[in-house]
Amino acid sequence: MSNQFPSLRPRRLRQSDSLRALFQETTFSVNDLVLPIFVEEETSEYAVIETMPGVLRIPESKLAYEIERYAKAGIRSVMTFGISHHMDATGSDTWNENGLVARMARICKDTVPEMIVMSDTCFCEYTSHGHCGVLHDHGVDNDATLKNLGRQAVVAAAAGADFIAPSAAMDGQVQAIRSALDEAGFIDTSIMAYSTKFASSLYGPFREAGGSLLQGNRKNYQMNPMNRREAIRESLLDEQEGADALMVKPAGAYLDIISDIRAASRLPLAAYQVSGEYAMIKFAAQAGAIDERKVVRETLGAIKRAGADIILSYFAMDIAEQGVEY
């Protein structure tokens, strides 16, 4: 045979669907996915989120119905976000044992006890200023916020939450929450830390979904998107403080960070495909620019390939109902 022909032909392993499936390196399933949900109190109507086509605010009165529907489809875990009508300067409703945070967890666990409930632990949806903690003249007071995070975590755990998921981006938040949980007797309640959370421009649709009243920005406490080494440091600090699992948020634009943290830590690693990522796929598909089904699976596969064990995605129900196949 002439030397102009290659002797090494990787295409041999791609000749049929069966061969491609046999040699596929990365797979994911619905068991790897967490569905983020938005629950609104004091309303009986579902609310359309214009910037997130297909995602609705769930009225609290319909939450049990939705949890049953998710479970029947194969969803095993949800992350709860509340749309509060009881906002104040500190987000005090979050540590009210009969407040929205507690009620969401309680409804989910009472309805489907085997559903894994992750309680987003922050204040931005419950404060009148939209920031993630106690706001003072100089900005968000880190240490004052830590005390309130501990209060919220205990209330969520008492209501049945399996995971406390602190997203406030306060220094020392995992240690503060772990101490508060242990002192209250919730030694088996886990912490999934938003350990590397960037001050991203991809959160825009979430603010509509969550009813945020944010004034200003969160750059003083969320991470600079241009910092790679600091991202690893942030996650390793949360590991040292007692996190049971780590998270990178957003996911798609930060695959290098997911890979870095996967190499640096043996803890389970989650990644959050955020609202802006969801919206870009949805609107591009509506414009006829992409095939939504294929792009959803390609992007989720990329996040898994980069090293994530768990993916939080608003597409989770689509995967549950349609399957992972292209």
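## Accessibility and annotation of R207

In this predicted model, R207 has a relative accessibility of 29% and therefore counts as partly exposed, since buried residues lie under 20% and exposed ones over 50%. R207 belongs to helix α6, which spans residues 204-210.

The UniProt record, an unreviewed entry, assigns the feature "binding site" to R207 and R218. Such annotations may be inferred rather than shown by experiment.

## Strand β5 and its partners

Strand β5 covers residues 116-121, and five of its six residues are buried, so the strand is largely enclosed by the rest of the structure. Strand β4 (residues 77-83) pairs with β5 in the parallel sense through four bridges. In this pairing, S119 of β5 has T80 opposite. Between β4 and β5 the chain passes through helix α3 (residues 100-111), and the resulting β-α-β crossover is right-handed.

Strand β8, formed by residues 163-166, also pairs with β5, again in the parallel sense and over four bridges. Here S119 stands opposite I164 of β8. S119 thus faces T80 in one pairing and I164 in the other.

## Helix α2 and its buried side

Helix α2 runs over residues 63-73, and its buried residues are L63, E66, I67 and Y70. These residues span an arc of only 100° around the helix axis, which places them on the same side of α2.

The elements against which these buried residues pack include three strands, namely β1 (33-40), β3 (56-59) and β4. The helices α3 and α11 (316-322) are also packed against by the buried residues of α2. Both β4 and α3 take part in the crossover that leads to β5. Just after α2, G74 adopts a positive phi of about 110°.

## Cysteines

A disulfide is a covalent bond between the sulfur atoms of two cysteines. A search of the whole structure identifies zero disulfides; the criterion is a pair of cysteine sulfur atoms within 2.5 Å.

For C132, the closest cysteine sulfur is that of C122, at 3.5 Å, which is too far for a bond. C132 is buried, with a relative accessible area of 1%.

For C108, the closest cysteine sulfur belongs to C124 and lies 18 Å away, again too far for a bond. C108 has a relative accessible area of 0% and is therefore buried.

Technical notes. Residues are numbered from 1 along each chain as its sequence is written. This is a predicted model: local features need pLDDT of at least 70, side-chain atom pairs count only at pLDDT 80 or more; totals for chains, interfaces and linings use all residues. Side-chain values use heavy atoms; hydrogens and water are left out. Buried means under 20% relative accessible area, exposed over 50%, partly exposed in between (1.4 Å probe, protein chains only). Helices (H or I, at least four residues) and strands (E, at least two) are DSSP runs, numbered from the N terminus. Two strands pair if DSSP finds at least two bridges between them. A crossover is right-handed if, with the strands pointing away from the viewer, the path from the first strand over the helix to the second runs clockwise. The arc is that of the directions from the helix axis to the C-beta atoms. Contact means heavy atoms within 4.5 Å.
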